[in-house]
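Subject: Structure for your files

Dear colleague,

Here is the structure I said I would pass on. My notes follow below it.

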Amino acid sequence: MSIVSLKDVTKSYPSATAKGELIHAIDNVSLDIEKGEVFGIIGYSGAGKSTLVRLINALEPVSSGQVIVDGTDITRLSEGELRKLRLEIGMIFQQFNLFSSKTVAKNVAYPLAIAGVPKSERKKRVAELLDFVGLGDKGRNYPDQLSGGQKQRVGIARALATNPRILLADEATSALDPETTHEVLGLLDRVNRELGITIVVITHEMDVIQSIASRVAVMEKGRIIEQGDVFDVFSDPQHSASRRFVSTVVKGIPDAVEVATLRERHAGRIVTLSFRDGNRSQSEVFVELSRAGVGFELVYGGINDIRGRAFGHLTLALTGEDAAIDDALKRIETTVEVVEAA
Ligand code: ADP
(Lines give C-alpha, C1' and ligand atoms only; values in the text may rest on other atoms or scores of the structure.)
Protein backbone atom coordinates (compact mmCIF):
# COMPACT_ATOMS: atom_id res chain seq x y z
CA MET A 1 0.00 0.00 0.00
CA SER A 2 1.30 3.46 -0.89
CA ILE A 3 2.10 5.88 1.91
CA VAL A 4 3.16 8.63 -0.50
CA SER A 5 1.69 8.91 -3.96
CA LEU A 6 2.38 11.64 -6.50
CA LYS A 7 0.04 11.90 -9.44
CA ASP A 8 1.08 13.99 -12.46
CA VAL A 9 2.83 16.52 -10.26
CA THR A 10 4.38 19.63 -11.77
CA LYS A 11 6.12 22.43 -9.90
CA SER A 12 7.20 25.48 -11.86
CA TYR A 13 9.12 28.58 -10.85
CA PRO A 14 9.52 31.81 -12.77
CA SER A 15 12.89 31.74 -14.54
CA ALA A 16 15.48 34.04 -12.99
CA THR A 17 17.09 34.75 -16.36
CA ALA A 18 14.36 34.62 -19.01
CA LYS A 19 11.52 36.95 -18.06
CA GLY A 20 8.04 35.47 -18.37
CA GLU A 21 9.38 31.93 -18.73
CA LEU A 22 8.88 29.07 -16.30
CA ILE A 23 11.32 26.47 -15.02
CA HIS A 24 9.69 23.11 -14.44
CA ALA A 25 11.63 21.97 -11.37
CA ILE A 26 9.25 18.98 -11.27
CA ASP A 27 7.79 18.01 -14.60
CA ASN A 28 4.76 15.71 -14.59
CA VAL A 29 6.05 13.21 -12.02
CA SER A 30 4.05 10.20 -10.82
CA LEU A 31 5.47 8.08 -8.04
CA ASP A 32 4.30 5.57 -5.43
CA ILE A 33 6.24 4.95 -2.23
CA GLU A 34 5.11 1.85 -0.35
CA LYS A 35 4.49 1.77 3.39
CA GLY A 36 7.55 0.44 5.23
CA GLU A 37 10.06 0.58 2.39
CA VAL A 38 13.27 2.55 1.91
CA PHE A 39 12.82 4.41 -1.35
CA GLY A 40 15.78 6.12 -3.00
CA ILE A 41 15.63 9.18 -5.24
CA ILE A 42 18.86 9.82 -7.12
CA GLY A 43 19.83 12.58 -9.52
CA TYR A 44 22.53 15.11 -10.21
CA SER A 45 22.39 18.60 -8.75
CA GLY A 46 19.47 20.53 -10.23
CA ALA A 47 17.47 17.39 -11.09
CA GLY A 48 14.60 18.47 -8.82
CA LYS A 49 15.16 16.24 -5.78
CA SER A 50 14.90 18.92 -3.09
CA THR A 51 11.83 20.40 -4.74
CA LEU A 52 10.22 16.97 -4.66
CA VAL A 53 10.94 16.73 -0.93
CA ARG A 54 9.38 20.15 -0.30
CA LEU A 55 6.24 19.01 -2.13
CA ILE A 56 5.99 15.78 -0.14
CA ASN A 57 6.13 17.58 3.21
CA ALA A 58 3.95 20.37 1.87
CA LEU A 59 6.46 23.13 2.47
CA GLU A 60 5.46 24.37 -0.97
CA PRO A 61 2.28 24.00 -3.01
CA VAL A 62 2.30 22.06 -6.30
CA SER A 63 1.63 23.91 -9.55
CA SER A 64 -0.58 21.03 -10.67
CA GLY A 65 -1.26 17.40 -9.77
CA GLN A 66 -1.88 15.60 -6.50
CA VAL A 67 0.32 14.61 -3.56
CA ILE A 68 -1.36 11.94 -1.46
CA VAL A 69 0.15 11.17 1.93
CA ASP A 70 -1.39 8.32 3.90
CA GLY A 71 -4.58 8.53 1.86
CA THR A 72 -5.04 12.30 2.12
CA ASP A 73 -4.59 14.69 -0.82
CA ILE A 74 -2.37 17.22 0.92
CA THR A 75 -2.71 19.81 -1.83
CA ARG A 76 -6.20 20.51 -0.43
CA LEU A 77 -5.38 20.84 3.26
CA SER A 78 -5.63 24.00 5.33
CA GLU A 79 -2.53 25.44 7.06
CA GLY A 80 -3.69 23.98 10.40
CA GLU A 81 -4.15 20.52 8.89
CA LEU A 82 -0.74 20.79 7.23
CA ARG A 83 0.91 21.50 10.58
CA LYS A 84 -0.57 18.23 11.88
CA LEU A 85 0.56 16.39 8.78
CA ARG A 86 4.14 17.60 9.21
CA LEU A 87 4.29 15.82 12.59
CA GLU A 88 3.88 12.62 10.58
CA ILE A 89 6.93 13.44 8.46
CA GLY A 90 10.40 13.68 10.01
CA MET A 91 13.26 15.20 8.11
CA ILE A 92 17.06 15.11 8.24
CA PHE A 93 19.46 17.31 6.29
CA GLN A 94 22.96 17.40 4.83
CA GLN A 95 24.08 20.16 7.22
CA PHE A 96 22.16 18.64 10.19
CA ASN A 97 20.34 21.97 10.93
CA LEU A 98 20.81 21.73 14.69
CA PHE A 99 20.53 24.72 17.04
CA SER A 100 24.13 25.39 18.06
CA SER A 101 23.06 27.34 21.18
CA LYS A 102 20.91 24.46 22.51
CA THR A 103 22.17 21.25 24.11
CA VAL A 104 21.71 17.95 22.32
CA ALA A 105 18.79 17.11 24.65
CA LYS A 106 17.12 20.49 23.96
CA ASN A 107 17.55 20.00 20.21
CA VAL A 108 15.83 16.63 20.36
CA ALA A 109 13.11 17.98 22.67
CA TYR A 110 12.38 20.94 20.38
CA PRO A 111 9.68 19.34 18.17
CA LEU A 112 8.05 17.91 21.32
CA ALA A 113 7.92 21.34 22.92
CA ILE A 114 6.34 22.75 19.74
CA ALA A 115 3.79 19.93 19.79
CA GLY A 116 2.90 20.84 23.40
CA VAL A 117 4.19 17.65 25.05
CA PRO A 118 4.52 18.17 28.86
CA LYS A 119 8.04 18.60 30.20
CA SER A 120 8.28 15.36 32.21
CA GLU A 121 7.14 13.32 29.21
CA ARG A 122 9.58 15.18 26.97
CA LYS A 123 12.48 14.24 29.23
CA LYS A 124 11.61 10.56 29.13
CA ARG A 125 11.14 10.58 25.37
CA VAL A 126 14.43 12.44 24.75
CA ALA A 127 16.32 9.88 26.88
CA GLU A 128 14.73 7.04 24.88
CA LEU A 129 15.58 8.68 21.57
CA LEU A 130 19.19 9.42 22.51
CA ASP A 131 19.61 5.81 23.66
CA PHE A 132 18.18 4.58 20.36
CA VAL A 133 20.73 6.55 18.32
CA GLY A 134 23.61 5.58 20.66
CA LEU A 135 24.10 9.00 22.26
CA GLY A 136 22.63 8.33 25.70
CA ASP A 137 25.55 10.11 27.36
CA LYS A 138 25.61 13.23 25.16
CA GLY A 139 22.40 14.99 26.19
CA ARG A 140 24.23 17.82 27.97
CA ASN A 141 26.74 18.42 25.17
CA TYR A 142 26.41 21.13 22.52
CA PRO A 143 26.41 20.24 18.82
CA ASP A 144 29.85 21.82 18.31
CA GLN A 145 31.31 19.25 20.68
CA LEU A 146 30.16 16.37 18.46
CA SER A 147 31.55 14.75 15.31
CA GLY A 148 29.61 14.97 12.02
CA GLY A 149 28.25 11.45 12.45
CA GLN A 150 27.11 12.21 16.00
CA LYS A 151 25.43 15.43 14.83
CA GLN A 152 23.47 13.47 12.25
CA ARG A 153 22.46 10.97 14.96
CA VAL A 154 21.06 13.92 16.91
CA GLY A 155 19.27 15.01 13.72
CA ILE A 156 17.75 11.53 13.42
CA ALA A 157 16.70 11.48 17.11
CA ARG A 158 15.04 14.88 16.65
CA ALA A 159 13.29 13.77 13.46
CA LEU A 160 11.89 10.72 15.28
CA ALA A 161 10.69 12.68 18.32
CA THR A 162 7.07 13.03 17.21
CA ASN A 163 6.82 9.39 16.07
CA PRO A 164 6.58 10.16 12.35
CA ARG A 165 5.47 7.54 9.85
CA ILE A 166 7.79 8.85 7.16
CA LEU A 167 11.40 10.04 7.35
CA LEU A 168 12.77 12.21 4.54
CA ALA A 169 16.57 12.11 4.34
CA ASP A 170 17.82 14.89 2.05
CA GLU A 171 21.51 14.23 1.23
CA ALA A 172 21.80 13.18 4.89
CA THR A 173 25.21 11.54 4.46
CA SER A 174 26.69 13.82 1.80
CA ALA A 175 28.75 15.81 4.32
CA LEU A 176 30.13 12.69 6.02
CA ASP A 177 33.21 10.55 5.32
CA PRO A 178 32.65 6.97 4.04
CA GLU A 179 33.09 5.32 7.46
CA THR A 180 30.60 7.67 9.15
CA THR A 181 28.23 7.38 6.18
CA HIS A 182 28.21 3.63 6.72
CA GLU A 183 27.33 4.09 10.41
CA VAL A 184 24.53 6.58 9.75
CA LEU A 185 23.07 4.37 7.00
CA GLY A 186 23.17 1.48 9.48
CA LEU A 187 21.16 3.58 11.92
CA LEU A 188 18.63 4.52 9.21
CA ASP A 189 18.29 0.83 8.38
CA ARG A 190 17.39 0.21 12.06
CA VAL A 191 14.88 3.08 11.98
CA ASN A 192 13.24 1.36 9.03
CA ARG A 193 13.33 -2.22 10.34
CA GLU A 194 12.79 -1.75 14.07
CA LEU A 195 10.38 1.19 14.00
CA GLY A 196 8.71 0.37 10.67
CA ILE A 197 9.19 3.93 9.43
CA THR A 198 9.09 4.50 5.68
CA ILE A 199 12.28 6.27 4.58
CA VAL A 200 12.76 8.38 1.47
CA VAL A 201 16.46 8.83 0.75
CA ILE A 202 17.45 11.69 -1.54
CA THR A 203 21.01 11.52 -2.76
CA HIS A 204 23.42 12.00 -5.65
CA GLU A 205 25.48 9.04 -4.45
CA MET A 206 24.68 5.63 -5.88
CA ASP A 207 26.45 3.73 -3.09
CA VAL A 208 23.93 5.20 -0.62
CA ILE A 209 21.10 3.75 -2.72
CA GLN A 210 22.96 0.46 -3.02
CA SER A 211 23.42 0.03 0.71
CA ILE A 212 19.97 1.01 1.98
CA ALA A 213 17.18 1.33 -0.61
CA SER A 214 14.92 -1.40 -1.94
CA ARG A 215 13.54 0.69 -4.80
CA VAL A 216 14.92 3.69 -6.61
CA ALA A 217 13.78 6.48 -8.93
CA VAL A 218 16.35 8.21 -11.13
CA MET A 219 15.62 11.89 -11.77
CA GLU A 220 16.86 14.14 -14.54
CA LYS A 221 15.62 17.62 -15.44
CA GLY A 222 12.56 17.40 -13.20
CA ARG A 223 11.46 14.03 -14.53
CA ILE A 224 11.71 10.45 -13.36
CA ILE A 225 13.55 8.73 -16.17
CA GLU A 226 13.67 5.28 -14.62
CA GLN A 227 12.37 3.59 -11.49
CA GLY A 228 12.27 0.08 -10.13
CA ASP A 229 13.80 -2.44 -7.76
CA VAL A 230 17.36 -1.46 -6.90
CA PHE A 231 18.61 -4.84 -8.11
CA ASP A 232 16.95 -4.41 -11.52
CA VAL A 233 18.12 -0.83 -12.04
CA PHE A 234 21.68 -1.69 -10.95
CA SER A 235 21.98 -4.90 -12.94
CA ASP A 236 20.21 -3.68 -16.08
CA PRO A 237 19.85 0.13 -16.23
CA GLN A 238 17.72 1.30 -19.17
CA HIS A 239 18.56 4.97 -19.41
CA SER A 240 21.95 6.59 -20.15
CA ALA A 241 21.85 8.71 -16.95
CA SER A 242 21.02 5.60 -14.89
CA ARG A 243 23.92 3.78 -16.55
CA ARG A 244 26.25 6.63 -15.57
CA PHE A 245 25.12 6.43 -11.94
CA VAL A 246 25.36 2.64 -11.93
CA SER A 247 28.86 2.71 -13.40
CA THR A 248 30.06 4.68 -10.37
CA VAL A 249 29.47 1.71 -8.08
CA VAL A 250 29.10 -1.43 -10.16
CA LYS A 251 32.21 -3.54 -10.35
CA GLY A 252 33.47 -5.37 -13.39
CA ILE A 253 32.64 -3.20 -16.41
CA PRO A 254 35.81 -1.84 -18.03
CA ASP A 255 35.66 1.83 -19.04
CA ALA A 256 37.05 3.11 -22.36
CA VAL A 257 40.58 3.58 -20.99
CA GLU A 258 40.58 0.10 -19.48
CA VAL A 259 39.33 -1.41 -22.75
CA ALA A 260 42.21 0.29 -24.59
CA THR A 261 44.67 -1.24 -22.10
CA LEU A 262 43.06 -4.67 -22.50
CA ARG A 263 43.47 -4.40 -26.26
CA GLU A 264 47.17 -3.65 -25.89
CA ARG A 265 47.68 -6.62 -23.62
CA HIS A 266 45.49 -9.25 -25.21
CA ALA A 267 44.88 -10.56 -28.69
CA GLY A 268 41.35 -11.16 -29.91
CA ARG A 269 37.88 -9.65 -29.59
CA ILE A 270 37.03 -8.03 -26.26
CA VAL A 271 33.54 -9.05 -25.11
CA THR A 272 31.79 -8.29 -21.79
CA LEU A 273 29.16 -10.72 -20.52
CA SER A 274 26.65 -9.65 -17.85
CA PHE A 275 25.24 -12.28 -15.52
CA ARG A 276 22.23 -11.89 -13.22
CA ASP A 277 21.00 -14.47 -10.77
CA GLY A 278 18.79 -16.86 -12.66
CA ASN A 279 21.01 -16.47 -15.73
CA ARG A 280 22.68 -19.43 -17.27
CA SER A 281 25.87 -20.12 -15.30
CA GLN A 282 29.29 -18.97 -16.43
CA SER A 283 30.45 -22.55 -16.90
CA GLU A 284 27.82 -23.09 -19.60
CA VAL A 285 29.20 -20.08 -21.44
CA PHE A 286 32.66 -21.56 -21.32
CA VAL A 287 31.33 -24.92 -22.56
CA GLU A 288 29.62 -23.11 -25.46
CA LEU A 289 32.83 -21.30 -26.42
CA SER A 290 34.93 -24.47 -26.21
CA ARG A 291 32.42 -26.40 -28.28
CA ALA A 292 32.65 -23.72 -31.01
CA GLY A 293 36.45 -23.95 -30.94
CA VAL A 294 36.80 -20.38 -29.68
CA GLY A 295 39.80 -19.56 -27.49
CA PHE A 296 39.01 -17.43 -24.42
CA GLU A 297 40.93 -15.65 -21.76
CA LEU A 298 39.31 -13.98 -18.75
CA VAL A 299 40.72 -10.43 -18.70
CA TYR A 300 38.43 -8.35 -16.48
CA GLY A 301 35.48 -8.87 -14.14
CA GLY A 302 33.60 -8.27 -10.92
CA ILE A 303 30.67 -9.52 -8.86
CA ASN A 304 28.20 -7.15 -7.16
CA ASP A 305 25.96 -7.94 -4.26
CA ILE A 306 22.72 -6.03 -3.78
CA ARG A 307 20.98 -7.06 -0.58
CA GLY A 308 21.92 -10.69 -1.02
CA ARG A 309 21.38 -10.95 -4.78
CA ALA A 310 24.38 -11.16 -7.06
CA PHE A 311 25.11 -9.96 -10.56
CA GLY A 312 28.39 -9.67 -12.33
CA HIS A 313 30.35 -8.93 -15.44
CA LEU A 314 33.10 -10.93 -17.10
CA THR A 315 35.21 -9.58 -19.92
CA LEU A 316 36.83 -12.14 -22.20
CA ALA A 317 39.35 -11.87 -25.00
CA LEU A 318 38.07 -14.27 -27.67
CA THR A 319 40.33 -15.73 -30.34
CA GLY A 320 39.57 -17.94 -33.34
CA GLU A 321 37.56 -17.76 -36.56
CA ASP A 322 35.26 -14.72 -36.63
CA ALA A 323 32.37 -16.84 -37.88
CA ALA A 324 32.81 -19.33 -35.02
CA ILE A 325 32.94 -16.49 -32.47
CA ASP A 326 29.81 -14.85 -33.94
CA ASP A 327 28.01 -18.17 -33.85
CA ALA A 328 28.95 -18.88 -30.23
CA LEU A 329 28.02 -15.34 -29.13
CA LYS A 330 24.64 -15.64 -30.81
CA ARG A 331 23.87 -18.74 -28.76
CA ILE A 332 25.22 -17.23 -25.55
CA GLU A 333 23.22 -14.05 -26.16
CA THR A 334 19.93 -15.89 -25.75
CA THR A 335 20.45 -15.93 -21.96
CA VAL A 336 23.34 -13.62 -21.09
CA GLU A 337 23.78 -9.98 -22.08
CA VAL A 338 26.72 -9.67 -24.44
CA VAL A 339 28.44 -6.37 -25.29
CA GLU A 340 31.43 -6.35 -27.63
CA ALA A 341 33.87 -3.46 -27.20
CA ALA A 342 33.76 -1.24 -30.30
P1 ADP B 1 18.26 19.18 -6.70
O2 ADP B 1 17.75 19.09 -5.29
O3 ADP B 1 18.12 17.89 -7.46
O4 ADP B 1 19.65 19.73 -6.79
P5 ADP B 1 16.36 21.36 -6.96
O6 ADP B 1 15.04 20.77 -6.61
O7 ADP B 1 17.05 22.16 -5.92
O8 ADP B 1 17.33 20.21 -7.51
O9 ADP B 1 16.20 22.30 -8.25
C10 ADP B 1 15.59 21.87 -9.47
C11 ADP B 1 15.48 23.07 -10.41
O12 ADP B 1 14.52 24.00 -9.91
C13 ADP B 1 16.77 23.85 -10.58
O14 ADP B 1 16.85 24.30 -11.91
C15 ADP B 1 16.59 25.01 -9.63
O16 ADP B 1 17.33 26.11 -10.06
C17 ADP B 1 15.09 25.26 -9.71
N18 ADP B 1 14.55 25.81 -8.43
C19 ADP B 1 14.46 25.14 -7.26
N20 ADP B 1 13.90 25.93 -6.32
C21 ADP B 1 13.63 27.13 -6.90
C22 ADP B 1 13.04 28.36 -6.44
N23 ADP B 1 12.61 28.50 -5.19
N24 ADP B 1 12.93 29.37 -7.34
C25 ADP B 1 13.35 29.21 -8.62
N26 ADP B 1 13.90 28.08 -9.11
C27 ADP B 1 14.05 27.04 -8.27
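What share of the residues in the chain is buried? Of the 342 residues, 48% are buried. Please keep in mind that this is a predicted model, and that the values below are computed from it.

Overall layout

The chain has 12 helices and 14 strands. Along the principal axes, its C-alpha atoms fill a box of roughly 80 × 50 × 40 Å. The exposed area of the chain comes to about 16900 Å², and 49% of that is supplied by carbon and sulfur atoms. If one takes the contacts between residues at least 6 apart in sequence, 70% of them join residues at least 24 apart. As for charge, the chain carries 41 positive and 46 negative charges, and the mean positions of the two sets are 9 Å apart.

Domains

The chain is divided into domain 1, made of 2-88 + 164-247, and domain 2, which covers 256-340. Their centres, taken over C-alpha atoms, are separated by 37 Å. To the contact between them, domain 1 gives 12 residues and domain 2 gives 9 residues.

Arginine 125

This residue lies in helix 4, residues 119-132. Two polar contacts of its side chain are listed here. A polar atom of the arginine 125 side chain lies 3.0 Å from the backbone oxygen of leucine 160, and the side chain of asparagine 163 is joined to that of arginine 125 by a polar contact of 3.1 Å. With neighbours within four places in sequence left aside, arginine 125 is in contact with Leu112, Leu160, Ala161 and Asn163.

Asparagine 57

Asparagine 57 is found in the loop between helix 1 (49-56) and strand 4. Is asparagine 57 buried or exposed? It counts as buried, because its relative accessibility is 6% and the cut-off for buried is under 20%. Beyond its neighbours within four places in sequence, asparagine 57 is in contact with Arg86, Ile89, Met91 and Leu168.

Glutamate 288

Glutamate 288 is in helix 11, which spans residues 282-291. At 9% relative accessibility, glutamate 288 counts as buried. Its side chain is joined to that of arginine 331 by a polar contact of 2.7 Å. For a sense of distance across the model, the C-alpha atoms of glutamate 288 and lysine 106 are separated by 67 Å, and these two residues are 182 apart along the chain.

Two positive phi angles

Most residues other than glycine have a negative phi. Aspartate 70 is not a glycine, yet has a positive phi of about 50 degrees. The residue sits in the loop between strand 4 (64-69) and strand 5 (72-73). With a relative accessible area of 28%, aspartate 70 is partly exposed.

Lysine 221 is not a glycine either, and has a positive phi of about 50 degrees. Its place is the loop between strand 9 (215-220) and strand 10 (223-229). Lysine 221 counts as exposed because its relative accessible area is 68%, the cut-off for exposed being over 50%.

Regards

Conventions: Residues numbered from 1 in each chain as written. Heavy atoms only, no water. Helix = DSSP H or I, 4+ residues; strand = E, 2+ residues; numbered from the N terminus. Polar contact = N/O pair within 3.5 Å; in protein donor to acceptor, adjacent residues only side chain to side chain. Contact = heavy atoms within 4.5 Å. Buried < 20%, exposed > 50% of the residue type's maximum accessible area, 1.4 Å probe, protein only. Areas by Shrake-Rupley, 256 points an atom, 1.4 Å probe, with all protein chains shown as cover. Lys, Arg positive; Asp, Glu negative; His and termini not counted. Charge placed at Lys NZ, Arg CZ, Asp CG, Glu CD. Domains from an automatic or database assignment.
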